[in-house]
Amino acid sequence: MTIKTIIEPFRIKSVEPITLTTREQRADILKDAHFNLFNISSDDVIIDLLTDSGTAAMSSAQWAAIMEGDESYAGSRSFLFFCESIRKLMPFKHIIPTHQGRAAERILAKIVAADGVRIPNNTHFDTTRANFEDQGCIADNLVIAEGLSPIHEHPFKGNMDLAALESYLAVYNEHIPFVMLTITNNAGGGQPVSMANIRAVKALCGKSGKPLFLDACRFAENAYFIKQRESGYQDKSITTIVKEMFSYADGMTMSAKKDPFGNIGGWLALNDDALAEQCRNQLVITEGFPTYGGLAGRDLAALAVGVQEAVDEDYLAYRIRTIEYLGHALQALDIPIVSPVGGHAVFVDAKAWLPHIPALEYPGQALAIALYEIGGIRSCEIGSVMFASKDENGTEVAAPMELVRLAMPRRVYTQSHVDYVIECFAELAKSKESIKGCQITWQPERLRHFTAHFLQG
Ligand code: F0G
């Protein structure tokens, strides 16, 4: 007999209390926050699924490493520890620490920016796109068609559309400084990219003489999906799979706030000496000296430990199973989600679940508000509040999807926390027709989702 229950592969040594509020209190909190969950204090949140970024619980080994942090301005031994640890998985010649992923993106964008520059990716994350566009570049998404459909089952929905990339490379060749692949594809639902796809993208890059950069925040989760779903990888270790993934890359940007269990941190890594030199010049201007980037020595030490913990197979089995458990439970309640379930989050299809709310009454926001009110659960709308556009008359045009992201912080919540979230959804399902759409009563000029005011009903 084999025991099937997958347990949290850790014991809890230090705890943070959660304040339990009542539904009446939460109704008032929502009003005070103008129905925008970004305006709510974390003390008033019971389960915080806003993001998996920077929210991980560090291990005792990471806390111990923090005490060993070397805060020397130049030549810190924590930097050497950081580089050694990263190179065990990602053997890049140059490793440049940054305070988080977007700082690495900004440095790259600044260096390659020129008139007409275009950068293809399976799907650019918001900050990646914003950094390239801010420097006047054009950021294009070439994910496979299945990756744009919430219900289309595909084991690797994050894959790049190879035919589209091939013609893109032919048409825009001299305007493309490099090709990017985001693993896993966050904006597309945390969906993985297969090894075959990474290899094929690299081959196309090779043919046109372009380097390949991985945006690799969730590299370990991606490797676990390859092990589970791609033939020929079942018997390979995660470390072997990760090394193969990076053997096809010429560089990477990294937010260490995801898989490496950092509360802050990131890096840029590459092999090209001349490009690395330019990157370091940029780094010194805004981040800091090349042996600390934007980080304290103790952060570098904690990340050096965290990177290795991220490829632990028992951890990854628990991690991926947690998200799948939540996703499948929602499906059992007939709640439509982006399927198959991704690596770090469950994305609820609010447009399909709340068809009585028109897209421009923001079904995703309405659901996020209802979820907070019923159970103090904080989620994130990824729909028309975040991504609506304007037509030529200035009229708002809805985003293609109205999703609500339930992103799971790493090693923070237990199964009973997840069961609580499922029960809240089951309660909501009983009266979902009474969830009302919302209007925006005030909004800033840019990135309105962070600060807009809403009214419901
Ligand atoms: N790339 C991807 C795929 C990301 O998901 C993020 C951040 C970044 C780059 C930027 O990294 O935050 O360290 O500057 N994603 C967070 C999220 C914010 O909630 O999904 P950063």
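**Figure legends: close-up views of a predicted model**

**View 1. Strands β5 and β6 pair in the parallel sense.** In this predicted model, 4 bridges join β5 to strand β6, which covers residues 212-215. One of the positions involved is L181, whose bridge partner in β6 is L214. Strand β5 comprises residues 179-182 and is covered on both faces. V179 and L181 lie on one side of β5, M180 and T182 lie on the other, and these four residues are all buried. L181 thus appears twice in this view, as a buried residue of β5 and as the bridge partner of L214.

**View 2. Helix α8 is mostly covered.** The helix spans residues 219-229, and 9 of its 11 residues are buried. The buried set consists of F219, A220, E221, N222, A223, Y224, F225, I226 and K227. Several elements contribute to the cover over these buried residues, including the helices α7 (195-207), α9 (238-247), α11 (297-309) and α12 (313-332). Strand β7 (251-255) is also included in that cover. An α-helix has 3.6 residues a turn, so residues three or four places apart point the same way.

**View 3. C424 lies in helix α16 and is buried.** The helix runs over residues 415-430. C424 has a relative accessible area of 7%; this residue counts as buried because the value falls under 20%. When neighbours within four places in sequence are left aside, C424 is in contact with I374, G375 and I377. I377 is 47 residues from C424 along the chain, and the C-alpha atoms of these two residues are separated by 8.7 Å.

**View 4. The whole protein chain, shown as context for the close-up views, contains 16 helices and 16 strands.** Its C-alpha trace spans about 60 × 55 × 50 Å along the principal axes. The radius of gyration is 22 Å, which agrees with the value near 23 Å that a compact globule of 457 residues would have. Of the 457 residues, 55% count as buried. Among contacts with a separation of 6 or more, 71% are between residues 24 or more positions apart. The accessible surface comes to about 19400 Å², and 54% of this surface belongs to carbon and sulfur atoms. The chain carries 42 positive and 55 negative charges, and the mean positions of the two sets are 3 Å apart.

Terms used. Residues numbered from 1 in each chain as written. Predicted model: local features only at pLDDT ≥ 70, side-chain atom pairs only at ≥ 80, totals over all residues. Heavy atoms only, no water. Helix = DSSP H or I, 4+ residues; strand = E, 2+ residues; numbered from the N terminus. Rg over C-alpha atoms; globule rule 2.2 N^0.38 Å. Buried < 20%, exposed > 50% of the residue type's maximum accessible area, 1.4 Å probe, protein only. Contact = heavy atoms within 4.5 Å. Areas by Shrake-Rupley, 256 points an atom, 1.4 Å probe, with all protein chains shown as cover. Lys, Arg positive; Asp, Glu negative; His and termini not counted. Charge placed at Lys NZ, Arg CZ, Asp CG, Glu CD. Pairing = 2+ DSSP bridges.
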